[in-house]
Each structure stands twice: as structure tokens, then as C-alpha cells.
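Trainee: I would like to go through the labels given to this structure and ask what each one rests on.
Mentor: Go ahead; each label can be set against its cut-off.

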Amino acid sequence: DGRMFPVTDNSQTIIDTITHAAIKAGVEVRTKSKISSVEWIDSSDDNNNHDNGNFAINVSSRSATAAKEESKEYFDALILATGSFPIGHEIARSLGHKVIKPVPSLFTFDTKELVREGGTFHGLAGLSVQTARLTLTVSDEMKPPSADDLTDEPPSNDEASKPKKKKRKKKAPAITQEGPLLITHHGISGPATLRLSAFAAREFHAVKYNCEVKLHFCPKFEEQQRRLGSTGGSEDILMDALWEMTRLIPKRRVATGCPLFMTESIEENDDTSTNETPNAPIIPKRLWAALVSHSSISPDLVWGDASKAMIRSLANNLASFPLQT
């Protein structure tokens with residue numbers, strides 16, 4: 001069902017899966033052992049008499065008697081899976097690699113002003129939207145640094161003395177991700193949020209996570225309308241669809257519920273089974289009422305009395321709602 005966790009909702013299931021796969025593959029698991037260093041032995045070196053591999057692993061371990069033992073083992077391949085643990089970076093550098101400075105990733109967005117009392121999302125924790133689009137416009141402060149700036153190694157004397165070339169200014173594209181979105185007590189979460197935090201991790205880090213993200217509540221509805229012949233920008237397409245409500249349901253209150261429906265089932269992307277539910281409101285009732293209020297529309301106003309300026313404001317909030325993180 002597109003979930004990110006096992007149906008058991010228990011992390012032990014994941015641990016068991018990995019453990020069973022390792023046993024089946026013949027993986028030997030060692031405990032109380034620490035890799036202190038790794039050496040690369042050139043196969044063309046005349047002094048290399050080891051046929052077991054070019055990686056010499058220096059291991060320190062403790063026996064059952066708690067005595068520390070040092071040993072050197074040889075392997076033909078090495079995988080570093082140490083995450084952000086410093087020893088992994090040290091080993092990589094010792095083998096001639098440049099290590100890119102790590103930054104946080106896969107985080108939720110804290111939007112305090114929206115969830116506090118009086119904010120648009122106040123009291124809406126737990127509500128979700130099946131498919132939303134989050135967009136981060138990359139500012140000058142977010143421009144990706146050079147490869148040398150990303151490493152945590154000091155520049156050499158030769159590199160430091162080289163004059164820096166002037167670079168042409170290029171407009172960085174916006175970073176966009178789509179997926180389910182969840183409103184929390186602190187802001188927003190869900191796959192769309194986590195994906196954007198991953199693909200824009202360095203951009204967020206560059207501005208200390210203080211920036212504006214635009215939220216599109218109904219991108220799939222917009223795509224559906226385009227297939228039906230609608231043209232223009234996101235706001236224009238939603239404006240046309242909402243303005244039609246002033247003719248179709250003139251006596252219904254605007255804040256009663258979302259009048260936008262999916263008329264067909266659309267797969268989110270090729271690698272997930274998450275679908276928009278046809279013939280169901282795109283936005284939950286309470287969230288819709290909050291967006292109507294945010295657009296300065298009275299809760300008692302009916303569609304027939306709504307002005308174009310009001311509908312335009314609502315369409316703008318649906319297509320490009322500002323989130324200050």
C-alpha cells in the first residue's frame with residue numbers, strides 16, 4: 001500500500017529480515033571486534049605476497065579472557081557502511097578518497113507560526129493529503145558549493161595560491177517533490193516532506209533551515225484538468241475550476257467542503273501503488289475550512305456571492321501555500 005514500514009508496524013521485523021538474509025548469504029558476524037585501520041596493498045608491488053586480497057584490515061578484538069588481540073586480515077573487496085561514524089571517514093581518506101561533509105537529511109518541517117494557536121494548521125494535526133507538491137526555490141544563499149568546498153580537508157598550498165575563476169551566475173532550478181503529506185503538531189511530515197529534505201539537504205543546511213517552501217495541495221487535480229484541456233499556470237487552472245462552482249453550487253457555503261474531485265485514478269509514480277481516490281474530495285473538510293479562512297473568506301459566504309478576488313486568493317493558497325520553516 002505504499003507504506004514505508006512493514007505491515008507489522010514493528011522495527012524488529014526489519015532487523016529480522018536483514019539478519020536472516022545475512023545468514024542465508026553466509027555472512028560472518030563478529031562482535032567485540034574493531035577495525036583500527038585499512039591499508040591498500042598494490043598488486044604490482046614485489047613485496048605483496050598475499051593472494052587473499054589487496055585490502056589489509058587491522059583488527060583489534062577481545063577474547064573470552066578479555067585479552068586484547070591484534071590481527072591483520074586480507075580481503076579482495078571492502079564496503080564502508082559506517083554512516084557518519086568518524087572512523088569510516090578516516091578509513092576513506094586513508095585510501096585516497098575525498099569525504100564530502102555530511103549534513104542532516106530526512107527531517108520533518110517545523111512551521112511554528114502555522115500550528116500555534118491562531119495559525120492556519122492549528123488543531124489539524126493528524127490530517128493528511130494523498131498527494132501534495134513541495135517546492136523549494138533555490139536562493140543565492142543556497143547555491144551549491146564547489147567540490148573542494150564540500151570536503152572536510154584543508155586545501156593544499158598549491159590550491160590555496162591559485163586565483164579563483166569568476167563564474168557566471170546561473171539560475172538554479174527549484175527543487176520539487178510530490179507525495180503524501182501529513183500535518184503534525186510541529187508542522188508537516190510524510191513522504192513528500194522527507195523526500196524534499198533529502199534532495200535539498202544542502203540547500204536547507206546553507207540557510208540554517210530558515211526559508212520558505214511552497215505547498216501545492218492538489219497537483220494531481222491540476223494534471224487531470226490539463227488533460228481535459230485546461231491551460232495556464234497552476235493558479236489559473238484552479239481559479240477556473242473554483243469559479244465554475246459559483247455557477248454549479250451557488251447556494252452552498254464555500255467553507256462547507258472541498259468541491260474539487262478526482263474523476264479518475266492516477267498513479268503517483270511508476271514505483272508506488274499509492275493512488276488518488278476517484279470521486280473523493282482532494283482536501284479534508286477541516287483543512288479546507290482552514291484554507292478558506294486563510295483566504296479571508298467568511299465561513300458563511302456562499303459560492304454565488306464570492307467575488308473573483310476571493311476565489312483567486314483561495315486558488316493561490318491551494319497552488320502555492322507559503323510554509324516558513
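Mentor: Start with burial: a residue is called buried under 20% relative accessible area, exposed over 50%, and partly exposed in between. Keep in mind that this is a predicted model.

Trainee: What makes Glu178 count as buried?

Mentor: Its relative accessibility is 18%, and the cut-off is under 20%, so Glu178 is buried. Glu178 belongs to strand β6 (residues 175-183).

Trainee: Which side chain does Glu178 contact, and why is that called a polar contact?

Mentor: The partner is the side chain of Arg133, at 2.8 Å. The limit for such a pair of N or O atoms is 3.5 Å, so the distance qualifies.

Trainee: Thr176 is also in strand β6. Why is Thr176 called partly exposed?

Mentor: Thr176 has a relative accessible area of 33%, which falls between 20% and 50%, so the label is partly exposed. From Thr176 to Leu134 the C-alpha distance is 5.6 Å, with their positions 42 residues apart in sequence.

Trainee: On to the rings. How many aromatic pairs are there?

Mentor: Searching the whole structure gives seven.

Trainee: Why is the pair of Phe121 and Phe321 called stacked?

Mentor: The ring centres are 5.5 Å apart, within the 6.5 Å limit, and the planes meet at 20 degrees, under the 30 allowed, so the pair is stacked.

Trainee: What makes this pair a tie between separate parts of the sequence?

Mentor: Phe121 is in the loop between α3 (112-115) and β5 (128-136), while Phe321 is in strand β9 (residues 321-324), so the pair joins parts 200 residues apart in sequence. Both residues are under the 20% cut-off: Phe121 is buried at 1%, and Phe321 is buried at 0%.

Trainee: Why is the pair of Phe217 and Phe321 called edge-to-face?

Mentor: Here the centres are 5.9 Å apart and the planes stand at 70 degrees; over 60 counts as edge-to-face, so the label follows. Phe217 sits in the loop between β8 (212-216) and α8 (219-227), 104 residues from Phe321 in strand β9. Phe217 is buried, as is Phe321.

Trainee: Which residues do ring pairs link into a cluster?

Mentor: Phe107, Phe109, Phe204 and Tyr209.

Trainee: How do you know that the charged end of Lys308 is close enough to count as over the ring of Trp243?

Mentor: The charged end of Lys308 is 5.5 Å from the centre of that ring, and the distance limit is 6 Å.

Trainee: What makes β1 and β3 edge strands?

Mentor: The sheet is open, with three strands in the order β1-β2-β3 and antiparallel pairing. β1 (33-40) and β3 (68-75) each have a single partner strand, so one side of each has no neighbour in the sheet. On average, neighbouring strands here are turned by 20 degrees against each other, direction ignored.

Trainee: How do you know that β1 and β2 pair?

Mentor: At least two bridges are required, and β1 shares seven with strand β2 (residues 55-62), in the antiparallel sense. Glu39, for instance, has Ala56 in β2 as its bridge partner.

Trainee: Last, the cysteines. Why is Cys218 in no disulfide?

Mentor: The whole structure holds zero disulfides. For Cys218, the nearest cysteine sulfur is that of Cys258, 6.9 Å away, and the limit is 2.5 Å, so the two form no disulfide. Cys218 is buried at 2%, and Cys211 is buried at 6%.

Terms used. Residues are numbered from 1 along each chain as its sequence is written. This is a predicted model: local features need pLDDT of at least 70, side-chain atom pairs count only at pLDDT 80 or more; totals for chains, interfaces and linings use all residues. Side-chain values use heavy atoms; hydrogens and water are left out. Rings of Phe, Tyr and Trp (its six-membered ring) pair if their centres lie within 6.5 Å; planes under 30 degrees apart count as stacked, over 60 as edge-to-face and the rest as tilted. Helices (H or I, at least four residues) and strands (E, at least two) are DSSP runs, numbered from the N terminus. Buried means under 20% relative accessible area, exposed over 50%, partly exposed in between (1.4 Å probe, protein chains only). A charge sits over a ring if NZ of Lys or CZ of Arg is within 6 Å of the ring centre and within 35 degrees of the ring normal. Axes are lines fitted to C-alpha atoms, for helices over the stretch in contact, and angles run from 0 to 180 degrees between N-to-C directions. A polar contact is a pair of N or O atoms within 3.5 Å; within protein, one must be able to donate a hydrogen and the other to accept it, and residues adjacent in sequence count only if both atoms are side-chain atoms.
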